[in-house]
Amino acid sequence: MRFPLPEMTFGNNYLSLEHRTSGWRMMLDAMEGNELLEGDGGVKVGLGFADAWLPKSRTDSGTSLPLPTTVTAKSYDWTLLQQGQIRADPENRQDQLTRPDPTLLYAEVPLFEDKLHDNGSSNLLVRIRVMPTCIFILSRFTLRVDNVLFRTHDTRMFHSFTSNPPLVVRQVSGWEAPYNRVKRQLPRHDDLTPLTDANFIAKILTAMPTETSQMITGGTQWRGLRTKVEVSLVTRVGPYYEASR
């Protein structure tokens with residue numbers, strides 16, 4: 001079965017990195033995806049819109065998945081994008097990122113946007129920042145389903161040009177919370193504009209207690225809820241270090 005692409009897929013946009021000495025490569029783009037499976041956190045639009053938004057061809061009456069108001073049986077999960085053959089790492093990088101070093105390169109690469117048929121929005125944006133001592137990448141997926149929930153999925157990657165051995169750090173974090181809980185944090189309750197700002201949503205979600213925004217307690221059962229840090233040596237195959245919290 002062929003599933004529809006997001007409304008605006010920037011198929012020619014990508015970020016590619018290569019370590020020529022070791023042959024290590026990684027690409028971030030919007031051309032890879034996976035069929036939604038149990039634990040992938042499928043989200044259904046609010047009651048009254050769901051039947052119109054999800055055609056019958058995108059559901060499977062034979063599925064064994066439970067179907068609360070926030071879960072679909074079949075869909076397409078654009079949070080599961082190809083991240084490359086990298087296992088990230090927990091190196092203390094705060095000092096290098098906060099130094100007043102000049103920025104040699106900064107770019108924002110939008111990969112896709114979707115208005116969910118006027119029931120919210122989803123988008124994926126990659127940012128890269130290169131300084132004389134290090135490189136930092138942020139891949140941020142933001143989901144808003146009106147009157148249902150907000151979700152942020154961040155992948156941060158860091159490499160110090162001076163690290164020995166040469167390591168790549170990847171931190172993957174997922175947060176989500178009910179729509180109304182985020183809405184209550186608006187500076188002005190008569191102005192909903194911040195709810196369309198990915199940075200505002202991320203700020204609110206990450207400030208919540210982890211038992212609220214990063215623990216599976218029901219609803220979507222999204223297994224991406226947590227923060228995991230991984231390490232990769234770029235001089236050999238396989239992870240050098242892996243940890244999660």
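## Group meeting: contacts between strands and helices in a predicted model

Let me begin with a single pair: Arg140 and Asp154 form a salt bridge, and their closest N and O atoms are 2.8 Å apart. Arg140 belongs to strand β8 and Asp154 to strand β9, so this pair ties together parts that are 14 residues apart in sequence. Are the two partners buried or exposed? Arg140 has a relative accessible area of 11%, and since the cut-off for buried is under 20%, Arg140 counts as buried. Asp154 is buried as well, with a relative accessible area of 1%. The pair also has a further member: salt bridges that share partners join Arg140, Asp154 and Arg156 into one network.

I should state at once that the model before you is predicted. With that said, let me give the overall description and then return to individual contacts.

The protein contains five helices and 12 strands. Its chain has 245 residues, of which 48% count as buried. If we take the contacts between residues at least 6 apart in sequence, 63% of them join residues at least 24 apart.

I continue with the charged residues. How many salt bridges does a search of the whole structure find? The search returns eight. One of them is formed by the side chains of Glu108 and Arg127, at 3.1 Å from N to O. Here Glu108 lies in strand β6 and Arg127 in strand β7, which covers residues 120-130, so the pair ties together parts that are 19 residues apart in sequence. Glu108 counts as partly exposed, because its relative accessibility is 44%. Another salt bridge involves Arg188 and Asp190, with the closest N and O atoms 3.2 Å apart. In that case Asp190 is exposed, its relative accessible area being 61%.

Strand β6 deserves a further remark. The strand spans residues 105-114, and Asp114 is part of it. Asp114 is buried, with a relative accessible area of 12%. What does the side chain of Asp114 reach? Its contact is with the backbone nitrogen of Leu116, at 2.7 Å.

I turn now to the aromatic residues. The structure holds two aromatic pairs. Phe112 and Phe141 make up a tilted pair, with 6.1 Å centre to centre and 50° between the planes. Phe112 is in strand β6 and Phe141 in strand β8, so the pair ties together parts that are 29 residues apart in sequence. Phe112 is buried at 1% relative accessibility, and Phe141 is buried at 6%. Phe150 and Tyr179 form a stacked pair, with 5.1 Å centre to centre and 15° between the planes. Phe150 lies in strand β9 and Tyr179 in helix α3, so this pair ties together parts that are 29 residues apart in sequence. Both Phe150 and Tyr179 are buried.

One further contact concerns a ring and a charge. The charged end of Arg151 sits over the ring of Trp222, at 4.1 Å from the ring centre.

Next, helix α4, which runs over residues 198-207. At the start of α4, a side-chain oxygen of Asp197 comes to within 2.9 Å of the backbone nitrogen of Asn199. Which residues of the helix are buried? They are Ala198, Phe200, Ile201, Ala202, Ile204 and Leu205. As a reminder on helix geometry, an α-helix has 3.6 residues a turn, so residues three or four places apart point the same way. The cover over the buried residues of α4 includes strands β8, β9 and β10, together with helices α3 and α5. In residue numbers, these strands are 134-145, 149-160 and 167-178, while α3 is 179-183 and α5 is 210-213.

Finally, a hairpin. Strand β2, residues 14-19, pairs with strand β3, residues 24-29, in the antiparallel sense over six bridges. Within this pairing, Glu18 has Arg25 of β3 as its bridge partner. Four residues lie between the two strands of the hairpin, and Gly23 takes a positive phi near 85°.

To close, I return to strands β8 and β9. The salt bridge of Arg140 and Asp154 ties these two strands together, and both strands are among the elements that cover the buried residues of α4. Strand β8 also carries Phe141 of the tilted pair, and strand β9 carries Phe150 of the stacked pair. Thank you for your attention.

Methods:
Residues are numbered from 1 along each chain as its sequence is written. This is a predicted model: local features need pLDDT of at least 70, side-chain atom pairs count only at pLDDT 80 or more; totals for chains, interfaces and linings use all residues. Side-chain values use heavy atoms; hydrogens and water are left out. Two strands pair if DSSP finds at least two bridges between them. Buried means under 20% relative accessible area, exposed over 50%, partly exposed in between (1.4 Å probe, protein chains only). Contact means heavy atoms within 4.5 Å. A polar contact is a pair of N or O atoms within 3.5 Å; within protein, one must be able to donate a hydrogen and the other to accept it, and residues adjacent in sequence count only if both atoms are side-chain atoms. A salt bridge is a side-chain nitrogen of Lys or Arg within 4 Å of a carboxyl oxygen of Asp or Glu. Rings of Phe, Tyr and Trp (its six-membered ring) pair if their centres lie within 6.5 Å; planes under 30 degrees apart count as stacked, over 60 as edge-to-face and the rest as tilted. A charge sits over a ring if NZ of Lys or CZ of Arg is within 6 Å of the ring centre and within 35 degrees of the ring normal.
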